[in-house]
Amino acid sequence: VAITTRLLVSHLSGIRHYEKDITKVKEEKEKANRALKLTKPYQDKEQKQNEGKGIEKTDSVKSRKEHEGEVKSQNSKPGRRDKEFEQEEYYLKEKFESVIESLKIFKNDPLFFKPGDQFLYSTYGFTLLSAIVERVSGQKFTDYMLKMFRDLDMLSTVLDDNEAMIYNRARCYVYNKKGRLVNAPYVDNSYKWAGGGFLSSVGDLLKFGNALLYSYQAGQFKNTNGKLLPGYLKPDTVTMMWTPVPKTEVSWDRDGKYAMAWAVVEKKQQCGCCRQQRHYASHTGGAVGASSVLLILPEELDSEAIDTGLVAPPRGVIVSIICNMQSVSLNSTALKIAREFDKEKWAQ
């Protein structure tokens, strides 16, 4: 079979996640689908009632099994543990000197399906992707990424290296089986730099979001008399990254699809006075003792503002949340915050 970088970045490669048993993965998917079918009649009834009243429903019902950091909020309650974090490979303590070396963890394992046929979120798919970046760039993946973060002025974004002295590094926490708050266990994330091996700050994530939003919108502004600097990425590149990919799914928002390393919800309204979907891109993240989300809600720009040059990119709302607690669901909270700021802006 052939596995392309596009398949890797959209989690369609067939490479396993932390669970090695394909039977268990299938059972979890079937269980999630049954739960979705059970909740759907109630959701449809509630949505029709809300639409009849002209109420916009903003909070999605999460019914699929959440991957890695995209875990359900009830799992963050004392004494509740998400099954995802029971996988042994989450707690690896081995230090890998290169991403090529870390491929040995899964390189001899069978694919779960033919590449391109199904969606399966895979941290190891991104480990392979980082190895490709390393070979193509001719640099260590970590050096390549740290230079990029420096270009973006993300000076607080560093490798999650246990040995290094990192200013303002937070302690991470989990609930134990008795429901008590304890320090998160020691792990070494050198086996998955690309899929969960960096430390950052809320401010740096906002810079990252702004850089992407600027790149996305820069091509829409024509009459700038050459005063508008180019984006870090080409507008078409970000558009491609934020275009939903067929056969994908998103566990933390059932309205969304997976795109290229981002979850995307497209703009949609079927009938007048009915529920609206705003276009936004987001991704949640999680590791042992930590949860996060970055959500980008682009402003719907009118042609007059663009043509007259009265505004300049980036235009929209960006929400970044990082917490040093494991298994906290943050996407719906981030979306509510973004909508409130967006609503307030238009009210002015």
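Reader: Before we start on this predicted model, what does contact mean here?

Author: In this predicted model, two residues are taken to be in contact when heavy atoms of theirs lie within a set distance, and that distance is 4.5 Å.

Reader: Among contacts between residues at least 6 apart in sequence, what share joins residues at least 24 apart?

Author: The chain has 348 residues, of which 45% are buried, and its secondary structure comes to 10 helices and 9 strands. Among the contacts that join residues at least 6 apart in sequence, the share that joins residues at least 24 apart is 68%.

Reader: How much of the accessible surface belongs to carbon and sulfur atoms?

Author: The accessible surface of the chain comes to about 19,000 Å². The part of that surface that belongs to carbon and sulfur atoms is 53%.

Reader: Which element gives the largest share of the largest nonpolar core?

Author: The largest nonpolar core has 41 residues, and those with the most contacts inside it are Y124, L212, W242, W262 and I296. Two or more residues of this core come from each of several elements, including α1 (5-9), α5 (141-151) and β8 (290-298). The largest share, 5 residues, comes from α7.

Reader: Where does this core lie with respect to domain 1 and domain 2?

Author: Domain 1 takes in 1-31 + 81-199, while domain 2 covers 201-347. Both domains give residues to this core, so the place of the core is between them.

Reader: Which residues does W262 touch, leaving out those up to four places away in sequence?

Author: W262 is one of the residues with the most contacts inside the largest nonpolar core. With residues up to four places away in sequence left out, W262 touches F208, L212, M241, W242, K257, A281, S282, H283, L294 and I296.

Reader: How many residues are in the other core that lies apart from it?

Author: Another core lies apart from the largest one, and V265, V293, I321 and M325 are among its residues. The count for this other core is 15 residues.

Reader: How far apart in sequence are the parts that D109 and R16 tie together?

Author: The side chains of D109 and R16 meet in a salt bridge, with 2.6 Å from N to O. D109 lies in the loop between α3 and α4, whereas R16 lies in the loop between α1 and α2 (22-52), so the parts tied together by this pair are apart in sequence by 93 residues.

Reader: Is R16 buried or exposed?

Author: Buried means under 20% relative accessible area. D109, at 30%, is partly exposed, but R16 has a relative accessibility of 2% and therefore counts as buried.

Reader: Which residues are joined into one network by salt bridges that share partners?

Author: The count of salt bridges comes to 15, and one of these pairs is D160 with R169, at 3.6 Å from N to O. In that pair D160 counts as buried at 16% relative accessibility, while R169 counts as partly exposed at 30%. Salt bridges that share partners make one network, and the residues joined in it are R16, K20, E89 and D109.

Reader: What is the area of the nonpolar surface patch made by V1, I3 and L111?

Author: L111 is placed in the loop between α3 (99-102) and α4 (123-137), and at 34% relative accessibility L111 counts as partly exposed. Together with V1 and I3, L111 makes a nonpolar surface patch of about 270 Å².

Notes
Residues are numbered from 1 along each chain as its sequence is written. This is a predicted model: local features need pLDDT of at least 70, side-chain atom pairs count only at pLDDT 80 or more; totals for chains, interfaces and linings use all residues. Side-chain values use heavy atoms; hydrogens and water are left out. Patches are made of residues with over 30% relative accessible area and no salt bridge: like charges are joined within 9 Å, nonpolar side chains (Val, Leu, Ile, Met, Phe, Trp, Tyr) within 5 Å. Accessible areas come from the Shrake-Rupley method with a 1.4 Å probe; for residues, only the protein chains shown count as cover. A salt bridge is a side-chain nitrogen of Lys or Arg within 4 Å of a carboxyl oxygen of Asp or Glu. Helices (H or I, at least four residues) and strands (E, at least two) are DSSP runs, numbered from the N terminus. Buried means under 20% relative accessible area, exposed over 50%, partly exposed in between (1.4 Å probe, protein chains only). A nonpolar core is a set of buried Ala, Val, Leu, Ile, Met, Phe, Trp, Tyr and Cys residues joined through side-chain atoms within 4.5 Å. Domain bounds come from an automatic or database domain assignment.
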